[in-house]
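Subject: Structure handover

Dear colleague,

I am passing on the structure below, together with an account of what was found in it. Please look it over alongside the notes that follow.

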Amino acid sequence: MAQEVVLVRHGQTEWNRTLQHTGRTDVPLTELGRRQGEAVGASLRGREFALVLTSPLQRAAETCRLAGFGDVAETRDDLMEWDYGDYEGRTTAEIRQEVPGWTVFGGGVPNGETAEQVGERADRVIAEVRGVDGDVLIFAHGHQLRILAARWIGLEPLAGRLFALDAATLSTLGYERETAVIRAWNLRVLG
């Protein structure tokens, strides 16, 4: 079980720069985000992947393209970010004015997805990845990838709260013998 799954959180957007919850709103990368996408590509140069997957949202797909994998990437709706419902575009600080102590992992999102629903999507991606003979590269989003990592190692979706993940970072899932593990996490490639 030598397979590695490299996770790439997309580059910076204006909304993640300003700490707004960005679920399904299709915001573009900033100039820094585009440079980060290119830096991701430089970090992965020479690596071969049996499968490259990306969220269809432009911030992930553009990071994938800038990294040099756009021509081989396959789009998966299951890699889209958490649907934040009524909290889309709002910051945690704004939400906490109405719901003290709120977190996305502990407080839920009215008219959006539950952590369990995001976990079900992550489980479908994991099932596909584990059927691939070779390494896999995935471009997606912060909360979705945190939940995917939790599910990879057999934790509940809410355990994703324990895995901080910055924009334009590389993380690697894999195995130690037959045990699913996190081999590297939240490695910065640029700014």
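The salt bridges come first: the structure, which is a predicted model, holds 14 of them. One of these joins E113 to R24, with the closest N and O atoms 3.2 Å apart. Because E113 lies in the loop between α5 and α6 (115-130) and R24 in the loop between α1 and α2, this pair ties together parts that are 89 residues apart in sequence. The two partners can also be described by their accessibility: E113 counts as buried, since its relative accessibility is 12% and the cut-off for buried is under 20%, whereas R24, with a relative accessible area of 31%, is partly exposed.

A second link across the chain is made by D78 and R124, whose side chains meet in a salt bridge at 2.8 Å, N to O. Here too distant parts of the chain are linked, with D78 in the loop between β3 and α4 (92-98) and R124 in helix α6, 46 residues apart. D78 counts as buried at 19% relative accessibility, while R124, at 46%, counts as partly exposed.

There is also a salt bridge between E74 and R76, where the closest N and O atoms are 2.7 Å apart; E74 counts as partly exposed, its relative accessibility being 34%. Finally on this topic, E4, R47, D135 and R183 are linked with one another in a network of salt bridges.

Turning to the strands, the model has an open sheet of 6 strands with mixed pairing, and their order is β3-β2-β4-β1-β5-β6. The edge strands are β3 (74-75) and β6, each of which pairs on one side only. Within the sheet, strand β1 (residues 5-9) pairs with strand β4 (residues 136-140) in the parallel sense, over 5 bridges, and V8 stands opposite F139 in β4. As background, strands of a sheet pair through backbone hydrogen bonds, either parallel or antiparallel.

One residue of strand β6 (residues 179-188) may be worth a look on your screen, namely N186. Is N186 buried or exposed? With a relative accessibility of 19%, N186 counts as buried, because the cut-off is under 20%. If its neighbours within four places in sequence are left aside, N186 is in contact with A164, L165, D166, T169, L170 and S171.

L165 appears again in the last topic, the largest pocket, where L165 is among the residues that lie nearest the centre, together with R9, N16, L19 and H143. The space in this pocket comes to about 670 Å³, and its lining is made up of 29 residues. By character, that lining divides into 13 polar, 9 nonpolar and 7 charged residues. Which helix gives the most to the lining? The answer is α7, with 3 residues, and the elements that each supply at least two residues are α1 (14-17), α2 (31-44), α5 (104-107) and α7 (142-152).

With regards

Methods
Residues numbered from 1 in each chain as written. Predicted model: local features only at pLDDT ≥ 70, side-chain atom pairs only at ≥ 80, totals over all residues. Heavy atoms only, no water. Helix = DSSP H or I, 4+ residues; strand = E, 2+ residues; numbered from the N terminus. Buried < 20%, exposed > 50% of the residue type's maximum accessible area, 1.4 Å probe, protein only. Contact = heavy atoms within 4.5 Å. 1 Å grid on protein atoms, 1.4 Å probe; cavity = no way out; pocket = protein on both sides within 12 Å on 5 of 7 lines; lining within 4 Å. Points joined across faces, edges and corners; volume = space filled by probe spheres on them. Nonpolar A, V, L, I, M, F, W, Y, C, P; charged D, E, K, R; others polar. Pairing = 2+ DSSP bridges. Salt bridge = Lys/Arg side-chain N within 4 Å of Asp/Glu carboxyl O.
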